Amino acid sequence: MYTTVDRGPDVHEPSIPDEWELVVGLEVHVELSTNTKLFCGCANAFGAEPNTNVCPTCLGLPGSLPVMNGAAIESAMRLGRALNCTVSPSIMARKNYTYPDMPKDFQTSQYDQPTNHDGWLDTPEGVRINIERAHIEEDTGKSTHVGGDGRISSAQYSLIDYNRAGVPLLEIVSCPDIRTADEAKAYVSELRGIVLALGVSDAKMEEGSMRVDANVSVRPRGSDELRTRCEIKNINSISSVGRAIAHEANRHIDLYETGERPIQETRHWDEEAGRTRPGRSKENDEDYRYFPEPDLTPLVPTAAELEAIDASLPELPGAQRAALAEAAGIEPTEASLIVERGDAGFALDAIAAGGDGARVVVHLNNNLAGGVGKLTAELFAGLVNMETAGELSSTQTKEVLAEMVETGGTAADIAAAKGFEAMGTGELDGMLDELIANHPDEWARFAGDDEGESKKMAGFFTGQIMKATKGQADGKVVAQLLNSRK
Amino acid sequence: MAEPDSQPALSRDEVAHVAKLALLDLTEEEIDLFTVQLGSVIETAHDMNNLDLEGVQPTHHPLGLTNVVREDVVRPSIDRAEVLSQAPDVEDDRFKVPPALGED
Amino acid sequence: MSVAKPAAFGDATAIAALVASGDRTAAAVVDDHLARIAEHEGDVHAFNLVMADDARSAAAAVDEAIAAGETPGRLAGVPVAIKDNMCTRGVPTTCSSKILEGWEPPYTATVVDRLVAEGAIPVGKTNLDEFAMGSSTENSAFGATKNPYDLDKVPGGSSGGSAAAVAAGFAPASLGSDTGGSIRQPASLCGVVGVKPTYGAVSRYGLIAFGSSLDQIGPFTTTVGDAALLYEVIAGDDPLDSTASPQPALPVSSKLDAGVDGLRVGIITEMAGDVIEGISGDVLARLRAAADALAAAGAVVDEVSVPSTVYGLPAYYMVAPAEASSNLARFDGVRYGLRADGTNTAAMNMASRTAGFGPEVKRRIMLGTYALSAGYRDAFYGKAQQIRTKITEDFDSAYENFDVLLSPASPSTAFALGDKTADPLTMYLNDVCTIPSNLSGHPAMSVPFGVGDDGLPIGVQVLAPMLGEVVMFQVAAELERAGA
Ligand SMILES: [Mg+2]
Ligand SMILES: [Zn+2]
């Protein structure tokens with residue numbers, strides 16, 4: 001299935017001075033796409049009328065109780081295993097703090113015994129980022145701030161919709177292993193790819209079903225100290241991950257270089273202004289008073305459950321890249337885009353159906369974005385074959401492909417309809433006469449008894465004709481002509 | 001092991017800090033009163049130190065159940081009008097609250 | 001002055017039989033009780049709300065169903081009073097707190113649904129200490145409940161309204177909740193039977209939480225048989241409560257007539273003399289008399305030490321407030337209940353809570369917040385949770401040699417209104433005999449067993465192993481026969 005890769009607008013991402021190094025850890029919240037919420041049977045659905053997917057439990061009404069969604073736990077464990085985490089017995093805990101969109105005024109989360117811990121993720125470039133934990137928790141409702149200039153600080157009042165309250169989240173906390181903005185983007189992008197491959201979330205940053213917070217600090221390159229970090233929230237695209245981190249890092253560097261220092265705080269990324277702003281003040285210095293949730297029981301996965309989960313994991317992006325690279329004879333990083341788009345299976349099918357690997361990759365990367373799913377791998381392979389056989393030029397191939405996506409027709413029919421016929425025999429005969437005259441030695445080797453030589457020279461003459469006809473000649477016709485003159 | 005017996009059970013500042021965490025606006029008199037009253041409860045809580053609890057697991061669930069989960073099947077939600085009828089303030093079918101300051 | 005008249009119009013079992021057989025209509029039964037409420041409720045103040053109209057129409061519906069030949073429920077036509085911390089859809093549920101005054105829940109607690117499904121008729125929501133925090137029902141925002149046996153005395157608490165309603169004959173049965181003794185202590189003070197089932201035996205769905213790992217709903221009745229009947233109706237698994245025991249209701253009625261011959265009964269040493277101080281002489285005398293009665297009926301009676309029970313009180317006053325501080329965070333003025341003005345959300349939250357909660361609730365929220373706060377959690381909340389394990393282990397080893405244990409339910413008979421309100425710690429001592437079973441989750445019940453020097457009722461507490469309700473009721477029934 002085709003999915004949008006959100007690379008965001010191509011805007012300036014500042015570079016980091018060489019003498020400084022970034023220390024970045026990411027907290028990524030992924031909404032699990034279960035049918036129901038984490039603790040109640042309300043629908044887990046985006047975009048419903050306000051306060052229609054609510055019940056006593058997800059509204060935190062007095063007397064209500066949570067009951068854990070088994071499918072959410074399973075999704076969490078699958079994602080945990082895909083991130084190479086250890087999956088352990090866990091207990092839910094209450095994180096006590098007050099916010100109007102959080103109905104119980106505590107968030108049911110995991111604290112010292114999370115479901116998943118100690119994993120890692122390799123970026124396509126081969127950088128390993130360690131993952132501290134990936135824990136289950138519930139989402140909050142949604143506040144709309146009314147009045148003022150749209151910023152929370154100037155709002156006259158807020159309106160709350162609890163449809164999202166209680167939607168299951170997995171919070172994936174990386175170790176502070178990320179050293180560049182590009183690594184951060186690659187990490188998020190790879191994580192998103194894994195989530196999509198597992199099908200546990202639609203991971204849409206623009207709809208908030210995947211949210212990235214970045215803990216950013218800097219230090220002089222070569223040092224191993226950990227300096228004051230700021231937590232950047234409100235980052236809503238993968239490109240913004242890079243921009244926000246780079247901007248924040250430079251803010252720190254500027255402060256250090258003028259003899260000041262940043263203070264530890266939460267900051268919000270302002271997409272339009274391209275900078276971070278101070279966020280929630282921490283005057284009520286946070287004391288979450290965690291304790292085990294008495295209304296839920298511990299979760300103890302059995303060995304059989306874990307085995308079944310491992311067995312059920314699909315091929316993940318890293319493996320998909322490797323497989324496609326192998327089949328197409330390319331570098332794994334060259335397969336990234338196709339894998340990200342979820343088209344690796346299609347590419348492999350097209351190659352298996354006889355399509356030339358390199359051309360399959362080129363067309364998928366450049367000419368078929370959005371079109372996979374509108375034609376079969378076999379039809380696509382047929383087109384690629386026509387191209388490599390010289391029956392269509394690359395420009396013609398592109399044009400035919402566009403029409404195949406539109407109409408679903410075969411490459412041969414569309415090419416014929418467009419008049420992209422291979423050259424006539426008479427025309428080719430003339431060309432061949434000229435070639436033989438100009439290359440008598442080669443022709444002798446072709447006509448000789450040495451079968452190897454003959455084959456080699458057939459290739460030479462075919463190539464020359466293709467070159468002269470810009471690929472419009474039909475390879476089969478050329479072969480017939482050559483043999484008839486032998 | 002921490003041995004809080006030697007310190008005063010609870011300071012006035014701690015009471016004021018805890019009130020803030022608990023979102024309670026206590027009067028000076030209440031803070032004074034609670035400092036004494038809560039202090040005496042905490043004093044008796046120090047009796048717990050007389051018991052050797054080395055290696056004793058905490059009890060969070062008297063019945064010791066595990067893995068209580070439900071099927072991922074949608075159940076009807078409740079009537080919005082009924083829910084909103086109990087709310088202190090409502091606008092556009094949503095719960096209305098004063099602005100959240102200290103945010104940007 | 002006494003207005004006590006338990007089972008003024010017959011006990012629950014008798015009423016259900018009469019209504020089922022058509023010898024008496026549910027409507028008449030309800031009218032009788034409403035008339036009695038009208039006469040004496042002004043003195044007792046057992047209720048926050050009398051549901052006269054709802055009760056009459058529910059009675060009419062029961063009568064119609066019976067006339068139509070439908071099978072009458074096990075509680076057909078039985079008036080029941082519901083502690084006002086259990087949700088009743090469309091009927092105000094206040095927890096005796098200003099912060100919930102007038103709140104009409106959009107859903108009903110599982111226990112109430114189960115009673116009504118068996119033909120029981122809720123006649124009112126009973127008064128309690130605000131959010132069930134207290135032992136005298138004086139901490140209600142809507143005024144104290146009086147002990148029907150002596151209107152100058154407290155009924156105990158926090159389920160004082162439910163206990164008083166049964167003792168006054170307003171209803172033959174009621175529901176209470178017990179977090180540290182809130183059913184058993186008022187049952188003892190009001191001379192009625194009160195049961196705290198095994199933790200998880202009865203669904204908590206719809207019970208407004210105080211201490212979630214301690215709270216348990218149970219019945220008040222005038223007889224052990226009625227208590228067994230109510231228990232069998234309300235107990236059993238509930239898919240809406242993850243901590244509910246997966247078992248069906250235990251058949252506690254099955255052995256009420258079996259006697260106690262050969263049963264091993266252990267008197268808890270720590271609660272039978274000088275170890276836990278402050279238990280009055282007349283209460284200890286009734287405990288001995290109860291033990292003697294069981295021995296006379298063939299039980300083997302001995303003393304047994306359950307040493308860590310003496311740490312129950314301090315552990316409880318960390319765990320229960322800690323859980324309460326979190327459970328009561330949601331009362332913030334946003335979605336329901338009282339809202340006070342504030343220029344921003346946080347100020348509004350604080351103003352609402354400050355205006356809505358009474359002093360005892362504030363005290364416990366403060367205590368619990370402290371017990372969980374950074375730097376103190378391990379020393380207080382953490383240690384208390386370990387003590388629970390110790391207490392459970394000590395009980396379990398006692399049950400290796402004994403079928404049930406015996407102790408007082410309350411250290412004294414009913415005390416005067418206002419007597420213990422000045423010092424919270426003195427009030428907390430009322431629960432010293434009942435708290436250990438909440439911490440361990442074991443079942444326990446109070447059975448009336450005579451009166452004290454002041455002529456006021458005294459209950460004896462029967463304690464049993466986890467899900468050991470059958471033998472607990474068996475022994476309670478014997479005490480009832482012996483005490484009659
Ligand atoms: Mg989180
Ligand atoms: Zn819900």
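A residue counts as buried when its relative accessible area is under 20%, and as exposed when that area is over 50%. The exercises below apply this and related ideas to a predicted model.

**Exercise 1.** Find what share of the residues of chain A count as buried, and how much surface chain A exposes.

*Solution.* Begin with the 486 residues of chain A, of which 53% fall under the cut-off and count as buried. Then turn to the surface, where chain A exposes about 20100 Å², with carbon and sulfur atoms supplying 48% of that area.

**Exercise 2.** Decide whether chain A is spread out or compact, judging by its radius of gyration.

*Solution.* First take the secondary structure of chain A, which comes to 15 helices and 15 strands. Next set the radius of gyration of chain A, 29 Å, against the 23 Å that the globule rule gives for 486 residues; the value is well over the rule, so chain A is more spread out than a compact globule. Finally, note that the C-alpha atoms of chain A fill a box of roughly 95 × 55 × 50 Å along the principal axes.

**Exercise 3.** Carry out the corresponding steps for chain C, starting from its helices and strands.

*Solution.* Chain C has 15 helices and 11 strands, and its C-alpha trace spans about 70 × 55 × 45 Å along the principal axes. A compact globule of 484 residues would have a radius of gyration near 23 Å, and the 21 Å of chain C agrees with this. As for burial, 68% of the 484 residues of chain C count as buried, while the chain exposes about 13200 Å², of which carbon and sulfur atoms supply 52%.

How values were computed. Residues are numbered from 1 along each chain as its sequence is written. Chains are lettered from A and ligands numbered from 1 in the order in which they are written. This is a predicted model: local features need pLDDT of at least 70, side-chain atom pairs count only at pLDDT 80 or more; totals for chains, interfaces and linings use all residues. Side-chain values use heavy atoms; hydrogens and water are left out. Helices (H or I, at least four residues) and strands (E, at least two) are DSSP runs, numbered from the N terminus. The radius of gyration is taken over C-alpha atoms; the globule rule is 2.2 Å times the number of residues to the power 0.38. Buried means under 20% relative accessible area, exposed over 50%, partly exposed in between (1.4 Å probe, protein chains only). Accessible areas come from the Shrake-Rupley method with a 1.4 Å probe; for residues, only the protein chains shown count as cover.
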